Amino acid sequence: MSNFVKSSKKAYVRTYGCKQNFADSEKITGLLTTLGYEIIQTVGDISDMETADLILLNTCAVRENAEQRVFGNVGALKNLKRANPDLLIILCGCMTQQEHTAERFKVKFPFIDAIIGTNILGVLPEIIKQADSEKEKKQKGAIIKITQAGGVFDEEIKPLRNSGGEFSACVPIMNGCDNFCTYCVVPLVRGREVSRLAENIINEVRGLIAEGRKDILLLGQNVNSYGRGSDTDFKKLLSELDKLGGEFIIDYMTSHPKDCKKELIDLIAQSLNISRHLHLPVQSGSNRILKLMNRGYTREEYIELAMYAKEKIPEISLTTDILVGFPGETYEDFKETLDLVENIGFDSAYTFVYSKREGTRSAEMNDPVPSGEKSAWFKELLELQNKIGEISYNRFTGKTLRVFCLGKGRSNPELLTGKSKQGIIVDFEGDQKLLGKFVDVKITKALPWALIGELTYEKYK
């Protein structure tokens with residue numbers, strides 16, 4: 001990395017998309033602080049930008065609506081650039097890793113100074129130095145620097161943690177994906193799978209726990225394939241993390257059903273600190289559609305795995321992703337998804353209408369179902385899942401859950417909110433001094449998306 005250091009200036013970083021992107025932005029802001037920048041914003045809506053010397057947008061390409069928001073937000077920067085010609089505007093992330101999108105940004109928004117892809121940390125200091133040159137800005141326009149996606153992790157750069165609250169942290173354990181689901185652009189913009197060394201992950205988590213960050217989320221496009229080809233797999237990594245001292249919660253996402261083994265579920269059932277939450281994206285309940293998606297498992301195999309998890313861990317919270325309207329999907333296929341959802345009984349589901357992504361195989365498939373019909377299917381799925389989710393959460397009513405207290409209540413700001421070891425939001429009445437602590441909460445009410453309860457011991461009140 002360059003030893004180039006700037007004088008103190010202000011940087012605004014805006015992040016779109018998934019938790020992996022937010023973790024990337026924490027690394028980016030950590031790097032920017034070493035370059036002398038004061039970070040003035042990293043999450044939320046675009047605001048407080050007038051004082052920024054550098055604006056960096058970390059983009060997402062997984063869904064079309066996220067892309068459209070980025071284009072709209074970039075267009076809104078034109079007046080800021082006109083008012084302050086010295087302002088540096090840099091785009092990075094999954095959208096800009098695609099050459100056709102990077103070129104579109106360059107043509108549509110000539111006031112942008114630099115466009116980088118997902119592999120940003122090694123090139124950002126020199127890009128800033130180059131873009132900061134008046135000669136470069138006048139003569140060359142936007143600098144485009146798209147390196148190969150993926151690569152090794154830079155362990156020297158310490159993230160500036162600012163997206164998960166005071167007591168939570170995201171820890172990337174791997175990057176990239178080798179699955180090539182036909183609808184997904186991730187392998188194209190993130191590259192092939194690369195895993196961090198287990199020793200580095202364990203040391204990072206140990207340090208976070210010591211800081212009081214006891215809600216830890218391990219991140220990877222497919223955590224179940226962590227360490228493939230080495231002597232440390234995901235099960236072994238979780239086992240080592242579970243042994244770290246104290247009380248904490250280790251959660252993770254995302255699990256791919258074809259790589260999630262019963263042995264991993266057995267480990268979770270016996271563990272002390274691993275979350276009783278399993279996010280297992282099914283995407284479709286139709287074998288025909290699953291094959292077209294290149295998911296690598298059948299409906300029957302998925303159901304067997306989900307039911308095994310429920311049997312081994314009765315208190316488990318099982319969540320999923322479902323994609324509606326994949327090219328060629330019929331209503332009969334969709335009804336198979338509804339049937340699977342009803343039979344398994346997910347606690348919650350992240351549901352999406354199919355979005356064509358350039359460069360994926362599904363983008364070339366025939367897609368005869370009109371968007372209005374897909375939207376009707378989507379609504380039908382939401383209505384079913386909302387009913388199931390509320391019924392599912394009702395099973396916790398009257399039970400006492402161990403909850404890590406995180407902040408203000410989600411259902412009522414006068415309450416406190418926490419995360420149970422099932423990964424469920426729990427709101428309850430309590431004193432602010434409980435923040436960052438584990439408490440026992442008796443559940444009194446279930447909402448479709450959260451639980452309401454009361455502290456069980458007088459010492460907590």
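Good morning. The expected span of a helix is 1.5 Å times one less than its number of residues. I begin there because the rule can be applied directly to helix α15, residues 371-393: with 23 residues at 1.5 Å a residue it should span 33 Å, and its end C-alpha atoms lie 32 Å apart, which agrees. I should say at once that this is a predicted model.

Let me stay with α15 for a moment. Its buried residues are K374, W377, L381, L384, Q385, I388, G389, S392 and Y393. An α-helix has 3.6 residues a turn, so residues three or four places apart point the same way. The partners of the buried residues of α15 are β13, α14, β14 (348-353), β18 and β19.

Two of those partners, β18 and β19, take us to the barrel. This is a closed barrel of 5 strands in the order β15-β16-β17-β19-β18, and its pairing is mixed. On average, neighbouring strands of this sheet are turned by 50° against each other, direction ignored.

How is strand β19 held within the barrel? On one side, β19 pairs with β17, residues 425-429, in the parallel sense over 4 bridges. On the other, β19 pairs with β18, residues 438-446, in the antiparallel sense over 5 bridges. L451 of β19 takes part in both pairings: L451 is the bridge partner of V426, and L451 is also the bridge partner of A446. The connection from β18 to β19 is a hairpin through 4 residues. As for burial, 4 of the 5 residues of β19, residues 451-455, are buried, so the strand is largely enclosed by the rest of the structure.

Strand β17 has a further neighbour. With β16, residues 416-420, β17 pairs in the antiparallel sense over 4 bridges, and there K419 stands opposite I425 of β17.

I turn now to helix α13, residues 299-312. This helix has 14 residues and reaches 20 Å from its first C-alpha to its last, close to the 20 Å expected at 1.5 Å a residue. Buried in α13 are R299, Y302, L305, A306, Y308 and A309. Against which elements do the buried residues of α13 pack? They pack against α11 (262-270), β12 (277-279), α12 (287-293), β13 (317-324) and α14 (331-344).

The pairing of α13 with α11 can be described in more detail. Their axes come within 10 Å and cross at roughly 20°. That angle makes α11 roughly parallel to α13, and the crossing is right-handed. On the α11 side, the residues in contact are K262, I265, D266 and A269; on the α13 side they are E304, L305, Y308, A309 and K312. L305, Y308 and A309 of α13 thus appear in this contact and also among the buried residues of the helix.

A second helix pair is found earlier in the chain, formed by α2, residues 64-75, and α5, residues 99-108. The axes of α2 and α5 come within 11 Å and cross at roughly 25°. Angles under 35 degrees count as roughly parallel, and α2 and α5 are therefore roughly parallel to each other. The crossing of α2 past α5 is right-handed. The contact involves V70, F71 and V74 of α2, together with T101, R104, F105 and K108 of α5.

Next, the open sheet. It has 6 strands in the order β2-β1-β3-β4-β5-β6, with parallel pairing. Its edge strands are β2 (37-41) and β6 (143-145), each of which pairs on one side only. Neighbouring strands here are turned by 20° against each other on average, direction ignored. Within the sheet, β1, residues 9-15, and β3, residues 54-59, run parallel and are joined by 5 bridges; one of the bridge partners is I55 of β3, facing Y12. Helix α6, residues 124-131, lies across β2, β3, β4 (88-93), β5 (114-116) and β6, and runs at about 150° to β4.

I close with a single residue, G220. Is G220 buried or exposed? Its relative accessible area is 7%; buried means under 20%, so G220 is buried. G220 lies in the loop between β10 (215-219) and α10 (234-242). Leaving aside residues up to four places away in sequence, G220 touches Q20, M174, M253 and T254. From R410, G220 is 190 residues away in sequence and 27 Å away in space, C-alpha to C-alpha.

Thank you for your attention.

Notes: Residues numbered from 1 in each chain as written. Predicted model: local features only at pLDDT ≥ 70, side-chain atom pairs only at ≥ 80, totals over all residues. Heavy atoms only, no water. Helix = DSSP H or I, 4+ residues; strand = E, 2+ residues; numbered from the N terminus. Buried < 20%, exposed > 50% of the residue type's maximum accessible area, 1.4 Å probe, protein only. Contact = heavy atoms within 4.5 Å. Pairing = 2+ DSSP bridges. Axes fitted to C-alpha atoms, helices over the stretch in contact; angles between N-to-C directions. Parallel < 35°, antiparallel > 145°, perpendicular 65-115°, else oblique. Left-handed = near helix turned anticlockwise from the far one by under 90°.
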